[in-house]
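Colleague: Got a minute to go through this model with me? I'd like to start with the ligand and then look at the strands.

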Amino acid sequence: MEFNQDTFENNYDVGDEIGSGHFAVVKRCTHSATGTQYAAKFIRKRRGGGRKGAKMEDIKKEIEILKYIKHPNVISLHDVYDTKNEVILVLELVSGGELFEYISEKDKLSEEEACRFLVQILEGVKHLHDKHIAHLDLKPENIMLLNHNSQNIKLIDFGLAQKIDPKSDIRAMMGTAEFVAPEVVSYEPLSLATDMWSIGVITYILLSGASPFLGDNKQETYHNITAIIYEFDDEYFSGTSELAKDFIQKLFVKDCRKRAKVDDCLNHPWIKPKEKQHEDVRKSAVINIDN
Ligand SMILES: Cc1ccnnc1
C-alpha cells in the first residue's frame, strides 16, 4: 500500500502568522489548486524524552475531537499532514481576530451585544457537551470572530479538550489561571461543568472589561477562585441588570453538580429572547389543550 507522500508544501502556500497555541504556531495559508485560504496549525512533536513539543497521543486526541465535531460556532478541520518534526492541521480560517481584542477595543459591551456573543458560545459549547467533550481552555483568546465586521464567533484551540467518560476520572492542572474552575485549582476531577465556570468568567469580562478572580499573582488568583471571592463592583456593574448578574452567579458555584449546565444557560431569561419564552408558553399551552 503506497503512503500519501504528498507534502504540505506541495499543496499550500504559507502566509503570515495569525496565532499560537500549545507548542504550536498558526499561519494563514492558501491551497494552491483552489486558492481557498485556511489556517495551518504547526504542532511541534516531542522528540525523545524532551519536554518541548506535544506528545503524539495528545495531538491524535485533538485531531480525533476535531473530526468528531461539526458546528457553525466551532472551528472545523480540513486536512492533516504528518512530517518528521511536526503535525500540520489545516483548519478553517477565521480572520476577524480574537474576541479578547474586540472587547479591549470597546472596553466593555452592552448587554445586548454580550448576549449575541454568548448565545453563540453557548450553542458551540452545547454541541461539544452533547458529545461529552469538554474544551477545558475556554477564554476570550480562544474565541475568534469570523471576520472583522461580523458578530459570528468560532471556538478554537482544542489542544486541551477531553472526551469526558463518566467512568474515567480526569484531573489536570491546566488552562489559564484566571479562567480555571475551583476543581482545576484543587486538582479534583474535571468535567463539562469546568467549561461552564469559564463561561461565567467570560460573561463577567464581556459585561465589565474586568476579570472577576484575577489577583496580583497566581496564588492570589487561585485563592480567589477556590474561596469564590468576587464582587459586582459598582464601578463596572452599576448599570448591569439583575438578570445578567443572576446568570453569572449560577455559574460561580463550587459544587460542579449544582453549577448551571449549558442548557440551563440557554434557557436562562437573560439569554432566552423574551418572544421565544412566550412562544414556548404558547406551544406548551396548545399541547395541554389537546391532551
Ligand atoms: C488562530 C486561528 C485558528 C484557526 N483558524 N483561524 C485562526
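Colleague: How far is the ligand nitrogen from the polar backbone atom of Val94?

Modeller: In this predicted model, a ligand nitrogen sits 3.1 Å from a polar backbone atom of Val94, which fits the polar contact cut-off, a pair of N or O atoms within 3.5 Å. A polar backbone atom of Glu92 is 2.9 Å from a nitrogen of the ligand.

Colleague: How much of the ligand does the protein cover?

Modeller: 95% of the 230 Å² of accessible area that the ligand has on its own (Shrake-Rupley, 1.4 Å probe).

Colleague: And which residues surround the ligand?

Modeller: Ile18, Val26, Ala39, Ile75, Glu92, Leu93, Val94 and Met144, counting residues with a heavy atom within 4 Å. By class that's 7 nonpolar, no polar and 1 charged.

Colleague: Any caveats on the numbers?

Modeller: Numbering starts from 1 along each chain as its sequence is written, and side-chain values use heavy atoms, without hydrogens or water. Local features need pLDDT of at least 70 and side-chain atom pairs 80 or more, while totals for chains, interfaces and linings use all residues.

Colleague: Switching to strands: is S3 mostly covered or uncovered?

Modeller: Covered: 6 of the 8 residues in S3 (37-44) are buried, meaning under 20% relative accessible area with a 1.4 Å probe, protein chains only. Strands here are DSSP E runs of at least two residues.

Colleague: What does S3 pair with?

Modeller: S2 (24-31), antiparallel over 7 bridges, and S5 (86-92), also antiparallel with 7 bridges; pairing takes at least two DSSP bridges. Ala24 is bridged to Ile43, and Phe42 faces Ile88 in S5.

Definitions and conventions: Buried means under 20% relative accessible area, exposed over 50%, partly exposed in between (1.4 Å probe, protein chains only). Helices (H or I, at least four residues) and strands (E, at least two) are DSSP runs, numbered from the N terminus. A polar contact is a pair of N or O atoms within 3.5 Å; within protein, one must be able to donate a hydrogen and the other to accept it, and residues adjacent in sequence count only if both atoms are side-chain atoms. Ala, Val, Leu, Ile, Met, Phe, Trp, Tyr, Cys and Pro count as nonpolar, Asp, Glu, Lys and Arg as charged, and the others, Gly among them, as polar.
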